[in-house]
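Okay, thanks for coming, everyone. I'll put the structure up and then talk you through the overall fold and a few spots I picked out.

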Amino acid sequence: METIICADYEMIGKTAAKMVAEVLNHKPNAVLGLATGSTPLGLYGELIRMHREEGLDFSQVTSFNLDEYVGLSADHEQSYHYFMHENFFKHVNIHPHNIHIPSGTTDNYPAFCEWYEQRIEDCGGIDVQILGIGSDGHIAFNEPGSSLGSQTRIKTLARQTIEDNARFFEKPEDVPVYAITMGVGTILDSGKLLLLANGKNKADAVAAAIEGPVTSMITASALQLHPDAVALVDVEAASKLKMREYYDWIQAKKPGAPRC
Ligand code: PGA
């Protein structure tokens, strides 16, 4: 995995946005895999700025989001449908019919999950997938123990994840217990993976994902199996990496490496 240590959160967003823009400049009809949570907000802010000020065009883009809470409708303020609309989609020129987010209210989850996988394939696969990481090492809602070959399905959230996400809900009991999520296998099928992480509370998960063994206990460690996975982490999230000096050395020696 290529590990790029950025000075701060803002630089993670700017560097990730440049990478996404590069994909779109080469392939205007690229398929983007998108993530929710606090981490990618800086990236979305920068993409919106690039759209407004530099004409970055999303008119031919197709998107697939990683996950959604089971039981929350698209207009629920904590749903990932709502999050994506408010924080990204309504600010750029992506066509609504090109947007895909797992449904949290379907009455047939197995059929929906199968359709979602098929739809990704029919659209030619995901070119670049944005990922956050949970403090328990999850990617999307692939909690510890998830098969590294898993596909889109329902997962039961881990207590740690419910605690982490309770900050967005009025009461911890309001956090849904189930989510519909792309699998680790779905994610690994993407052309390029961009893992973003910031803050001290991600340092253990980041170290385990990048330098630990590949294990279903830390599903982000599966990124080590991908030939084009990049981790963009701030100094705090990088603080437990043993090989940090080497990662900085690689970037210093790499022609055209992003200035982070
Ligand atoms: P966060 O969530 O960006 O809100 O920290 C990340 C995740 O759980 O994947």
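Let's start with a definition, since I'll need it in a minute: a salt bridge here is a side-chain nitrogen of Lys or Arg within 4 Å of a carboxyl oxygen of Asp or Glu. And keep in mind that what you're looking at is a predicted model.

So, with that in hand, look at Asp234. Asp234 sits in strand β10, residues 229-234. Is it buried or exposed, and which side chain of opposite charge is nearest? Well, Asp234 is buried, and yet there's no salt bridge for it. The nearest side chain of opposite charge is Arg244, and that's 8.8 Å away; the cut-off, remember, is 4 Å. What does Asp234 touch, then, if we leave aside neighbours within four places in sequence? The contacts are Ile5, Cys6, Asp8, Tyr9, Ile12, Ala197, Asn198 and Gly199. Yes, Asp8 is on that list.

Okay, zooming out to the whole chain. We've got eight helices and ten strands. The radius of gyration is 17 Å, close to the 18 Å that the globule rule gives for 260 residues, so the chain is as compact as a globular protein of that length. If you prefer a box, the C-alpha trace spans about 55 × 40 × 35 Å along its principal axes.

On burial, 53% of the 260 residues count as buried. As for contacts, take the ones with a separation of 6 or more: 80% of those come from residues 24 or more positions apart. The accessible surface is about 11,900 Å², with 50% of that belonging to carbon and sulfur atoms. And for the electrostatics people: there are 21 positive and 34 negative charges, and their mean positions are 6 Å apart.

Two more spots, both in loops. Asp57 is in the loop between α2 (41-54) and β3 (62-65). Its relative accessibility is 32%, so Asp57 counts as partly exposed. Not counting residues up to four places away in sequence, Asp57 touches Leu24 and Asn93. There's also Asn25, 32 residues from Asp57 along the chain, with 8.8 Å between the two C-alpha atoms.

The last one is Ala140, in the loop between β6 (128-131) and β7 (153-156). What's odd about phi there? Most residues other than glycine have a negative phi. Ala140 isn't a glycine, but its phi is positive, about 50 degrees. Ala140 also counts as buried, because its relative accessibility is 8% and the cut-off for buried is under 20%.

Notes:
Residues are numbered from 1 along each chain as its sequence is written. This is a predicted model: local features need pLDDT of at least 70, side-chain atom pairs count only at pLDDT 80 or more; totals for chains, interfaces and linings use all residues. Side-chain values use heavy atoms; hydrogens and water are left out. Helices (H or I, at least four residues) and strands (E, at least two) are DSSP runs, numbered from the N terminus. The radius of gyration is taken over C-alpha atoms; the globule rule is 2.2 Å times the number of residues to the power 0.38. Buried means under 20% relative accessible area, exposed over 50%, partly exposed in between (1.4 Å probe, protein chains only). Contact means heavy atoms within 4.5 Å. Accessible areas come from the Shrake-Rupley method with a 1.4 Å probe; for residues, only the protein chains shown count as cover. Lys and Arg count as positive and Asp and Glu as negative; His and the chain ends are not counted. The place of a charge is taken as NZ of Lys, CZ of Arg, CG of Asp or CD of Glu.
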